[in-house]
Amino acid sequence: MERYICIHGHFYQPPRENAWLEYVEWQDSAYPYHDWNERITTESYMPNTCSRILDGDGFITRIVSNYARISFNFGPTLLAWLEKEAPEVYRAIIDADKQSMESFSGHGSALAQAYNHIIMPLANRRDKYSQVIWGIRDFQYRFGRAPEGMWLPETAVDLETLDIMAEMGIRFTILAPHQAGRVRRIGTERWKSVADASIDTTRPYLVRLPSGKKINVFFYDGPISQAVAFQDVLKSGDQFANRLVGAFRADSDRPQLVHIATDGETYGHHHRFADMALAFALHHIESNKLARLTNYGEYLEKHPPAHQVEIIEKTSWSCVHGIDRWWSDDGCNTGGHPGWNQKWRTPLRNSFDWLRDSLAGKCEEKARQFLKDPWAARDDYIDVILDRSPDSVTKFLNKHAGHDLNEGEKIAVLKLMELQRHAMLMYTSCGWFFDELSRPEPVQVIQYAGRVVQLAQELFGDDVEESFLKLLEQARSNIPEQGDGRRIYEHLVRPAMIDLTKVAAHYAVSSIFEEYSQETGVYCYRINNEDRQTTDCGKSKLAVGRARVTSEITGETAVLSFGVFHFGGHVINAGVRSYRGEEAYRAMVQETIQSCATADFPEVIRLLDRHFGSTAYSLKSLFRDEQRKVLGYILESTMSEIETAYRQLYEYHYPPMRFLSELGGPVPKAFHSAAELILNIDLHRAVNSETIDAGVVRNLVETAASWQVDLDTVGIGYDFKENLERMMVEQVAAPGDADNLKKVLDAVALARRLPFPVDLWKVQNLYWGMLQSVYPEFKRKAGGGDQPAGAWVKDFGALGEQLSIRVG
């Protein structure tokens, strides 16, 4: 009997980018990381590129890529983020697909995905086409080959979607067992019902489509997939392997495929260290010849389907009611709020459907003024999304324009395409998955809808916003303070809307605190400084100037003049307006600078109001990340004063408070607060210092324990990790630096003894690389009597011991 095992991971995160900045802004809930993409990358996507296999003593004996030995898909929008923000992880994922081709008879393990994770059966036919085409083209751009398979978001399926996929050359997809209706052997007439999820998941199936085309379907093992995702199977690699191998049917001598599908984040994010359980299970299965690892493309080539299946349309893997979770109050929720309802889902979708459909005709009519086929252009617009260089945009326009376009017409075309892009992004499934309208996921898709509204108003001149909001207000939050969809839009989306003037305001205000070059990028905008003059007036500062702001997305550009007056501290008054000619600009510059120079600050403010109007900008006008940075500058002296006061309190009263504590008396809250602040500050500094003093760190930790102080263990551990990684990178750059090697050894030994975890993953990776490349030469020299090399080998071995890496 031929036995095969395939594990599929669906790696995906909802798009979190600000719809106007094309950037994921700071998310406090992801602390100590910048945002949830970065955090989950560290916990899951990165570990699976270099997962550990341990021996019986818990020492690392191998580091392997899980991606190269499983089947996987990554959401295109997530891959776009990884390419920019985590390029090493991105490259490792792409390389893993190439490695898998060598292992699996030329079949890569990566699958494509419908572009931005919309529920395909709820989409119109045009959007289905674009989602499939964009998913395929994105895949080809990244992996350098055509995809064999495609993952359907939430495995939500209907025949029309499968037909489109087959038309585009997709050979197979993966579904849940309860999505199969009935089966029969190919060439026979008799059907057997499997609507109770009883389908044999160990073989592939053929689906005959209404168009006459065909597509193959694999139905994953439901019970094992559920156990992996939601039970404790991943606590042990042995247990995981045995669960998989135990699914083979002993009463059959035909080839069998045991395969599962779960969220990829299961391996590391949902279950910590589960990437190692996965790595060990795969190693255990292979090394003991319990089954052959494969991927879907290879198995399909070796064992084509002998059975036909009819699917149950409008079903998914995560909703027992089919696909109702993404449009109705069907009872599916994440739990924890028994009094809540999800009635908001229907009006949210209805409002989006109205927005999309009411603008489709207008977009097509306007686009036909410039383009030969607007919808064909939309399908090809993915090429511009993947490469926004001027050459790429020109190539796109040359292909689709009906005539030579002037600059204004080019901008109009790009705005039309962006409107269509966001009209699909607003259907990202996560907007309906959870329990509450005011959660980040629904707010994100409403933000995409807000971008559609803004572009429609710029393109067509009519006000679609009010009609849209009348529909959106029917979606009511479970939280009284949040009100309804209209209130959420007005309080959380409209303030986030950005135009070129707001970009200039951000530039003007931030220029008070940092120097910009002649040309600078602000997220997806390019700013050319045409003139800027500053005047310091004691603690106050005035900056006036003129800059050209250009959107790198639409090409829209404007020259704007600005004036910003910083009183000191957090008080800033700024104004921005369109450039009105050199005479008016010079008058503004001369008048404001002269008034500032004479310290007539009220006059400066009056002049800014007169030249720039009543719309004033302040620190609140900065985009979120810059806002945090600037506030850090401003509060630096304040925090220093607070620290000095608390440190005096802590150090002066430490002896009597210690005596009081030893007597068993209660420590006053004021002293306890001072101790908490100072000990946390000192520990952060200690683990961030260039040379980490183990004695100082241990003493601070012990003191904190004696005072029962709550330490910021997450933040301190993160800082320690970052510093260790810096030290290890320096060691890799200068392998023979014996002094630094001792520092790394001491620091890692300290990290292992602390009462909170310090992530040594990257340090272990760097060490593993040195073990393969550098260590053999030092060992050879040491064997030849080279004493410095002998000392190096000894310390390097000790470091391996601390890192739980088997040396030799």
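Helix H5 (residues 159-167) lies across four strands, S7, S10, S11 (214-219) and S14, and runs at about 115 degrees to S11. The model described here is a predicted one. The four strands under H5 belong to an open sheet of six strands, ordered S7-S11-S10-S14-S8-S9, in which the pairing is mixed. At its edges are strand S7 (172-175) and strand S9 (192-193), each of which pairs on one side only. Strands of a sheet pair through backbone hydrogen bonds, and the sense can be parallel or antiparallel. Within this sheet, strand S10 (residues 205-208) and strand S14 (residues 307-311) pair in the parallel sense, over two bridges. One position in that pairing is given by Tyr-205, whose bridge partner in S14 is His-307.

The chain after S14 leads to Trp-326, which sits in the loop between S14 and helix H10 (345-367). With 0% relative accessibility, Trp-326 counts as buried, because the limit for that class is under 20%. Beyond its neighbours within four places in sequence, Trp-326 is in contact with Ile-119, Leu-122, Glu-154, Ser-316, Ser-318, Cys-319, Arg-349, Ser-429, Trp-432 and Phe-433. Pro-210 is 116 residues from Trp-326 along the chain, and the C-alpha atoms of the two are separated by 26 Å.

A second aromatic residue to look at is Phe-468, in helix H17 (residues 465-472). Phe-468 has 0% relative accessibility and therefore counts as buried. Not counting residues up to four places away in sequence, Phe-468 touches Ser-351, Phe-352, Trp-354, Leu-355, Ala-449, Val-453 and Tyr-489. Of these contacts, Ser-351 is 117 residues from Phe-468 in sequence, while the C-alpha atoms of the two lie 6.2 Å apart in space.

The next group of strands involves S1, S4, S5 and S12. Strand S1 (residues 3-11) runs parallel to S4, and four bridges join the two. Phe-11 stands opposite Phe-74 of S4 in this pairing. Strand S4 (residues 71-74) is also joined to strand S5 (residues 110-113), again in parallel, by two bridges. Here the bridge partner of Phe-72 is Ala-110 in S5. Both faces of S4 are covered: Ser-71 and Asn-73 on one side are buried, as are Phe-72 and Phe-74 on the other.

S1 also pairs with S12, to which it runs parallel and is joined by eight bridges. Strand S12 (residues 256-263) is mostly covered, with seven of its eight residues buried. Cys-6 has His-259 as its bridge partner in S12. The relative accessible area of Cys-6 is 1%, so this cysteine is buried.

Other cysteines can be followed from here. Cys-524 is in no disulfide, and the nearest cysteine sulfur, that of Cys-363, is 20 Å away. That distance rules out a bond because a disulfide requires two cysteine sulfur atoms within 2.5 Å. Cys-524 has a relative accessible area of 7% and so is buried.

By the sulfur distance rule, the count comes to one disulfide. This disulfide joins Cys-537 to Cys-596, with the sulfur atoms 2.0 Å apart. It links distant parts of the chain: Cys-537 is in strand S16 (residues 525-537), Cys-596 is in helix H20 (residues 582-597), and the two are 59 residues apart. The angle about the S-S bond is 115 degrees, and the link of Cys-537 and Cys-596 is right-handed. Both Cys-537 and Cys-596 are buried.

The last feature is a pocket. The second largest pocket holds about 1300 Å³ of space. Its lining consists of 45 residues, and those nearest the centre are Arg-272, Phe-273, Pro-757, Asp-759 and Leu-760. Several elements each supply at least two residues of this lining, among them helix H1 (36-45), strand S2 (51-54), helix H7 (237-245) and helix H8 (274-287). Helix H25 (713-733), helix H26 (738-753) and helix H27 (761-773) each supply at least two residues as well.

Technical notes. Residues are numbered from 1 along each chain as its sequence is written. This is a predicted model: local features need pLDDT of at least 70, side-chain atom pairs count only at pLDDT 80 or more; totals for chains, interfaces and linings use all residues. Side-chain values use heavy atoms; hydrogens and water are left out. Buried means under 20% relative accessible area, exposed over 50%, partly exposed in between (1.4 Å probe, protein chains only). Contact means heavy atoms within 4.5 Å. Two strands pair if DSSP finds at least two bridges between them. Axes are lines fitted to C-alpha atoms, for helices over the stretch in contact, and angles run from 0 to 180 degrees between N-to-C directions. On a 1 Å grid over the protein atoms alone, a cavity is a set of points where a 1.4 Å probe fits but cannot get out, and a pocket is an open set with protein on both sides within 12 Å along at least five of seven lines; lining residues have an atom within 4 Å of a point. Grid points are joined across faces, edges and corners, and a volume is the space filled by probe spheres set on the points.
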